Amino acid sequence: MRNSVLIFIAVLSGNVIAQQENDTSAAETQATEVSSNAETGPSNDVVNAQSAADSDTSSAATNAENEAEVADNVESSSPSSQNERLEAENKAQQQEAVANDVVRVNYVPEFIREQIKAELKEELKKEVVDDVLIHANEKRWGVQDSWPSWLNKVVVSGDVRARAQLDTFDDDNAVGFYRDLNQINRDGGSTLNPDQILNTTEDRERMLLRMRFALEAKYSDYVDVGFRIVTGDPDNPVSANVNMAEGFSSMDISADRAYVNIHDKNRNIEFLAGRMPNPWVSSSLVWDADINFSGVALKTHWKKTGLFFTTGAFPINESRLTTDDAWLQAAQLGWDYSFSTSSRLIMGVALYNFDNLQGIENTFNSQLTDYTAPRFFQKGNTVIDIRNDLDPNTRLLALASDYDEANFIISYTYQLPRALQIRVLADYVENINFNEEIPHRDGGFVEGKTSGYLFGVRLGTKTIDKLFDWSFSISYRELERDAVVDAFTDSEFHLGGTDAEGYELIGSMGIAKKTWLTLKVISSDEIDEEPFGIDTYHLSLNTKF
């Protein structure tokens, strides 16, 4: 940079000197013209500066010599004459030095000067830009990585789904048999509220909306924190849908995730605490897609062999009146292995052990065991009335049995050309702890209906991320009434709950980046109880970020 500046100064000096030389040449030419014109008369008054300087120098030298001679002649007359002679000599020497003080530099062509200027300008520009970028990064101006450093560790995601839903009911469905168990418990058992009766005959059209917004902060290579807010009823653990026909009132929004994940750098071991995403390999046969788990979980994964193991403990209901709180304690052992880049097999065996989930009947005229009634039902499980009094209008319903669900799941995915893949899924569940001594309302005991299965096939792109990405799936399931806890299974199939069988068709098509349409058709019937056939149609507009 310093060399470029020196070159620039030299160029400027060359320009000045060259200009002086041009001026000198012009002056000499003019002096010649003046000399030649002097013979015919004073027609030009312009005098060359360099010639004048030479003339002045010559005159000064002549005057100095004369003054020196005069001084020599009068040297002997007085001391003052000697001083005058010395001053005259000094003056003559100074004038001669001025006349001879001329520096000449070779002429630099114009194209070289322009080239040097361009190079100098480019070097100046680069150095200035580099300095500005360094300063901007230090001050975190509006350039890359301009966010505060802690924001760079936060991942934001979310989705919005608007859905039109049509529920159609079979003509021969039972009327007044199926009840809203949640409403019954809220009403204290009174039969005066018609909302306790589930609709089984009148077709229903609805507009539903779901919004989810999540943050995940990566504090370090070993700690993550997750948080998510969703729409929907906070008391419903399996659906984030809200009905749009609410008189333009605001939607309910709540936090359904808030957890800490501590793990090693390669995530071979993870410990999660709080309200976390589903840690199990599962399908909607056992766990609804929207469910989250409150508690602690430990996940391990041996990537070389593909083996994984997950265990956890999750409180369901806690009471200040007893230490016999309801818990889910579970473990899953599985294998997740890729045979090649195009072939993957996942299988898992799990035991979901629910403790103290069975309702306990109160002693006469007591309410001490009311805490054993669940916070939420869907429908299908066998229930009992745990109130014990003489009032026929008071009821409090609870589960008639405990649930220990043994689950086996397997899926195989094969990658096809054109970014397509096919996936085959099979899932089986059995409640191995059903209470065989539940009295039946018609006498005897309730027969155990404790198994369920699902088979499904999906074809299409892995995800729907851009225009014309697509997928199609078909599945069939049968889920007996006490195979799983009805509160946590799929909330869309048969409008939620157990004691249902049928098929499900889903087709999706990308219409823009991360935006797609989905058409879902569900046709289901009851298995053992009174007739209850439902056909459900969903048309959903989805987008995610």
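Mentor: A residue counts as buried under 20% relative accessible area, as exposed over 50%, and as partly exposed in between. The model under discussion is predicted.

Trainee: Is Trp335 buried, partly exposed or exposed?

Mentor: The ring of Trp335 forms an aromatic pair with Phe339. The relative accessible area of Trp335 is 25%. Because that value falls between the limits of 20% and 50%, Trp335 is classed as partly exposed.

Trainee: What angle lies between the planes of Trp335 and Phe339?

Mentor: The count of aromatic pairs comes to 16. In the pair of Trp335 and Phe339, the centres are 6.1 Å apart. Planes over 60 degrees apart count as edge-to-face, and this pair is edge-to-face, with an angle of 90°.

Trainee: What is the relative accessibility of Phe339?

Mentor: Phe339 is the edge-to-face partner of Trp335. Phe339 counts as partly exposed. The upper limit of that class is 50%, and the relative accessibility of Phe339 is 48%.

Trainee: Which residue has its ring face beneath Arg477?

Mentor: Arg477 is among the residues in contact with Leu285. Arg477 also lies over the face of a ring, at 4.6 Å from the ring centre. That ring belongs to Phe493.

Trainee: Where is Leu285 placed?

Mentor: Leu285 is buried, because its relative accessible area is 0%. Its contacts beyond four places in sequence include Tyr428, Val429, Leu454, Leu479 and Val484. The place of Leu285 is the loop between β6 (269-277) and β7 (292-302).

Trainee: How many Å apart in space are Leu285 and Phe488, C-alpha to C-alpha?

Mentor: Phe488 belongs to an aromatic cluster that also holds Trp280, Trp287, Phe293, Phe314, Tyr352 and Phe354. In sequence, Leu285 and Phe488 are 203 residues apart. In space, the C-alpha to C-alpha separation is 9.4 Å.

Trainee: Which strand is the place of Ala297?

Mentor: With a relative accessible area of 2%, Ala297 is buried. Ala297 is in contact with Phe314, a member of the aromatic cluster, and Glu270, Phe271 and Leu272 are also among its contacts. Pro279 is 18 residues away in sequence and 7.6 Å away in space, C-alpha to C-alpha. The strand that holds Ala297 is β7.

Trainee: Is Ile534 buried or exposed?

Mentor: Ile534 lies in strand β19 (residues 534-544). Its contacts include Thr168, Phe169, His494 and Leu495. Because its relative accessibility of 1% is under the 20% limit, Ile534 counts as buried.

Trainee: How many residues apart in sequence are Ile534 and Asp167?

Mentor: In the protein chain, 61% of contacts between residues at least 6 apart in sequence join residues at least 24 apart. Ile534 and Asp167 are 6.8 Å apart in space, C-alpha to C-alpha. Their separation in sequence, in residues, is 367.

Trainee: What is the approximate phi of Leu495?

Mentor: Leu495, a residue touched by Ile534, is found in the loop between β16 (470-479) and β17 (500-512). At 29% relative accessibility, Leu495 is partly exposed. Its phi is positive although Leu495 is not a glycine, at about 55°.

Trainee: Is Asn365 buried or exposed?

Mentor: Asn365 lies in the loop between β10 (343-355) and β11 (383-385). Its phi is near 60°, a positive value in a residue other than glycine. Because its relative accessible area of 54% is over the 50% limit, Asn365 is exposed.

Trainee: What space lies in the second largest pocket?

Mentor: The pocket is lined by 43 residues, and nearest its centre are Asp180, Arg204, Arg206, Asp233 and Asn236. β1 (154-169), α5 (181-186), β2 (204-218) and β4 (242-243) each supply at least two residues of the lining. The space in this pocket is about 1500 Å³.

Trainee: How many charged residues does the lining of the second largest pocket have?

Mentor: The lining has 16 nonpolar and 14 polar residues. Asp and Arg count as charged, and Asp180 and Arg204 are among the residues nearest the pocket centre. The number of charged residues in the lining is 13.

How values were computed. Residues are numbered from 1 along each chain as its sequence is written. This is a predicted model: local features need pLDDT of at least 70, side-chain atom pairs count only at pLDDT 80 or more; totals for chains, interfaces and linings use all residues. Side-chain values use heavy atoms; hydrogens and water are left out. On a 1 Å grid over the protein atoms alone, a cavity is a set of points where a 1.4 Å probe fits but cannot get out, and a pocket is an open set with protein on both sides within 12 Å along at least five of seven lines; lining residues have an atom within 4 Å of a point. Grid points are joined across faces, edges and corners, and a volume is the space filled by probe spheres set on the points. Helices (H or I, at least four residues) and strands (E, at least two) are DSSP runs, numbered from the N terminus. Rings of Phe, Tyr and Trp (its six-membered ring) pair if their centres lie within 6.5 Å; planes under 30 degrees apart count as stacked, over 60 as edge-to-face and the rest as tilted. Buried means under 20% relative accessible area, exposed over 50%, partly exposed in between (1.4 Å probe, protein chains only). A charge sits over a ring if NZ of Lys or CZ of Arg is within 6 Å of the ring centre and within 35 degrees of the ring normal. Contact means heavy atoms within 4.5 Å.
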